[in-house]
Amino acid sequence: DGITTLAEVFQEHEFKTQAFTDGLLVEGKYGFDQGFDEYLDERNENLEENGFRRFGDSLHDWIRDNSDEDFFLFIHTYDTHSPYNPPEPFSSRFKNKTPGSELADASMFYVKFIGCHDSLKLEQYSSLLDIVDLYDGSIAYVDHETGRLFDLLKELGLWENSLIVVTTDHGESFLDNEMY
């Protein structure tokens, strides 16, 4: 409560403030909702139904409905987080085409050894390349959805007066079997 959030600063300047999130680590109960008029942080137990698949249409509707006002919009998604399961055509987009095809024969010994990616159920993948293909597909899906958002801002005449910040907390590092 003692920290002024960016949303609060925008509210003080009479901007509407709205958030669409996948919750979890940025749930409102942790204070992330401070300064937002509305903070949507629902998370579906079926992880495939979160992120842009869950709130993409509502996000676009909200922007259309509020395009005549100044607004601060926060979007947070786990679409590129494990378990990687982008919708088609993104889930098969990189199958056997990944620039990292040198990983094709990589075992997943190291990935299993360090205990990462527990949410992936590693036994369902025949190689590390299978995981990398889906991860790349997830990134392509978010890139596509971000492009749709940018197109909407341009269509509504908001693009030229918008400040857009895209950030991430981490990426993934996939190792081949030459590393161990």
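Two strands are taken to pair if DSSP finds at least two bridges between them. In this predicted model, strand 1 (residues 16–20) and strand 3 (residues 71–75) run parallel and are joined by five bridges. Strand 1 also pairs with strand 2 (residues 38–40), again in the parallel sense, and here three bridges are found. Strand 1 therefore takes part in both pairings, because each of these two sets of bridges satisfies the requirement of at least two.

The table sets out the two pairings, with one bridge from each.

| Partner of strand 1 | Bridges | Sense | One of the bridge pairs |
|---|---|---|---|
| Strand 3 (residues 71–75) | five bridges | parallel | F20 with I75 |
| Strand 2 (residues 38–40) | three bridges | parallel | A19 with Y39 |

How enclosed is strand 1 by the rest of the structure? Four of its five residues are buried, so strand 1 is largely enclosed, where buried means under 20% relative accessible area. For the chain as a whole, buried residues make up 37% of the 180 residues.

These strands belong to a chain that contains four helices and three strands, and which, when read along the sequence, follows the pattern α-β-β-α-β-α-α. In that order, a helix stands between strand 2 and strand 3.

Turning to the contacts and the surface, among contacts in the chain with a separation of 6 or more, 69% are accounted for by residues 24 or more positions apart. The accessible surface of the chain comes to about 11100 Å², and carbon and sulfur atoms contribute 49% of that area.

Terms used:
Residues numbered from 1 in each chain as written. Predicted model: local features only at pLDDT ≥ 70, side-chain atom pairs only at ≥ 80, totals over all residues. Heavy atoms only, no water. Buried < 20%, exposed > 50% of the residue type's maximum accessible area, 1.4 Å probe, protein only. Contact = heavy atoms within 4.5 Å. Areas by Shrake-Rupley, 256 points an atom, 1.4 Å probe, with all protein chains shown as cover.
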